[in-house]
Amino acid sequence: MSEALDSLLDLLDLEQIERDIFRGMSRSAVVPRVFGGQVAAQALVAAGRTVPADRTAHSLHSYFLRMGDPGAPIVYSVDRIRDGGSFTTRRVVAVQHGQPIFHLSASFQTFEEGLEHQAAMPAAPDPETLPTAAEMLPRYADRFVDPSVMDRLLEARAAVDLRYVDAPPFATAGDPREPRSQVWFRTNGKLADDPLLHVCMATYVSDMTLLDSVLLAHGRGGWTVGDVVGASLDHAMWFHRPFRADEWLLYDQESPSASGGRGLGQARIYTQDGRLAITVIQEGLIRTPRG
C-alpha cells in the first residue's frame with residue numbers, strides 16, 4: 001500500500017466522540033477548501049458505522065452547504081431516521097465552526113435477489129495503456145495559472161491511480177468538444193474487504209472529474225487555467241452491484257445541461273469486466289470570471 005493511500009485511509013477512519021457523533025480531519029486539497037469528495041466519503045463512513053454490517057449502502061443524496069475549512073476538524077452528527085426490516089436510513093450533518101457545511105442522506109439494504117438488467121458498458125481502451133497522472137500532467141504544466149498547481153494535483157491524486165481516456169479540459173481549453181469524458185481509476189494499493197470502505201472510496205473519487213464534461217462542452221479549462229470558478233452543489237449516487245475500488249473502474253461521464261450558472265454531470269461507473277456498479281449525478285456552480 002502506498003503512503004498516500006495509507007494517509008487517505010487514516011482520514012476516513014473517523015474518531016467516535018459520542019454515540020452517533022464522529023470527528024474527522026482534512027488533508028491538504030488542490031484548492032483552499034475541503035475537497036467535496038472527502039466530506040461526502042467521511043459522512044458516509046459516519047452513517048455506515050451506525051448500520052448493521054449485513055446492510056450495504058445502495059444510495060446517497062447530499063448537498064454542499066458551505067465551503068469547508070481544511071484547517072479545522074469536521075464533526076459528523078448521525079440521525080437514525082429508520083431501521084426497517086430490509087432498509088436502514090441515516091441522515092448526517094457535517095458541522096464546522098458551529099455551522100452545517102454538508103448534509104447527506106443515505107440508505108442501506110440487506111442483500112436480496114431480484115430482477116436484473118443494466119446499460120451496456122461503453123467502449124474504452126485498456127487502462128494499462130493510458131498515461132498515469134505523473135506521466136500526463138507535466139505535459140500541460142505551462143497551461144496552469146499557478147506553477148504549483150501541477151504538484152498539488154499530483155499530491156491530491158497520489159492515493160488513486162486516475163487515468164484520462166482523452167485529454168482533460170485544461171489540455172484543450174478554447175476548443176469546445178463533445179460533453180463526454182472517461183477516466184479509469186483504482187486505489188494505489190489493495191484495500192481491506194469491508195464493502196463500506198470500497199463504497200466510501202468510490203464516493204471520494206467520484207467528485208474529482210464529474211463536471212469535466214460541462215467544461216468540455218464550452219471549451220473551458222477549469223479553475224487550473226483560470227477561465228471558470230465553481231464548486232459542487234449537490235451529489236447523488238446509487239450503488240447497484242458489488243465492486244472493489246482497488247480494481248479498475250471505468251467512470252463514463254457526460255453533461256446533459258448547463259444553465260443559470262450551474263452545470264449538470266451524470267455518469268456510470270463500470271467494473272473492468274462490464275458490470276454497472278454505480279450511477280452518479282452532480283450539479284455544480286460554474287461561473288466565468290468577471291472583469
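## A walk through a predicted fold

In strand β2, the bridge partner of Glu15 is Arg23. Strands here, like helices, come from DSSP runs numbered from the N terminus (H or I over at least four residues for a helix, E over at least two for a strand). Before going further, note that this is a predicted model, where local features need pLDDT of at least 70, side-chain atom pairs count only at pLDDT 80 or more, and totals for chains, interfaces and linings use all residues. Residues are numbered from 1 along each chain as its sequence is written, and side-chain values use heavy atoms, with hydrogens and water left out.

Back to the hairpin. β1 and β2 run antiparallel and pair over three bridges; to count as a pair, two strands need at least two bridges found by DSSP. Two residues sit between the strands of this hairpin, and Asp20 takes a positive phi near 70° there. Most residues other than glycine have a negative phi. Which other residue has a positive phi although it is not a glycine? That's His97, at about 50°.

How do these two residues sit in the fold? A residue is buried under 20% relative accessible area, exposed over 50% and partly exposed in between, using a 1.4 Å probe and protein chains only. The table puts them side by side with two other residues.

| Residue | Where | Relative accessibility | Class |
|---|---|---|---|
| Asp20 | loop between β1 (15-18) and β2 | 8% | buried |
| His97 | loop between β5 (87-96) and β6 (99-110) | 61% | exposed |
| Ser62 | strand β3 (55-64) | 2% | buried |
| Tyr204 | helix α5 (195-206) | 3% | buried |

So what does Ser62 touch? Not counting residues up to four places away in sequence, Ser62 touches Phe102, His103, Leu104, Asp234 and His235. Touching, or contact, means heavy atoms within 4.5 Å.

Next up, the aromatic rings. Rings of Phe, Tyr and Trp (its six-membered ring) pair if their centres lie within 6.5 Å; planes under 30 degrees apart are stacked, over 60 edge-to-face, and the rest tilted. By this rule there are five aromatic pairs. One of them joins Phe35 and Tyr204 edge-to-face, with 5.1 Å from centre to centre and 80° between the planes. The two partners are 169 residues apart, with Phe35 in the loop between β2 (21-24) and α2 and Tyr204 in helix α5. Tyr140 and Phe170 are edge-to-face too, because their centres are 5.9 Å apart and their planes lie at 70°. This pair also links distant parts of the chain, 30 residues apart. Both Tyr140 and Phe170 are buried, and together with Phe144 they make one aromatic cluster.

Now for helix α2. Its 13 residues (36-48) should span 18 Å at 1.5 Å a residue, and the end C-alpha atoms are 18 Å apart, so the two agree. The expected span is 1.5 Å times one less than the number of residues. This helix is mostly covered, with 13 of its 13 residues buried.

Finally, the nonpolar cores. A core is a set of buried Ala, Val, Leu, Ile, Met, Phe, Trp, Tyr and Cys residues joined through side-chain atoms within 4.5 Å. The largest one has 70 residues, and Val39, Tyr76, Phe102, Met201 and Ile278 have the most contacts inside it. Apart from it lies another core of seven residues, including Trp184 and Tyr270. Leaving aside neighbours within four places in sequence, Met201 is in contact with residues including Leu5, Leu8, Thr187 and Ala245.
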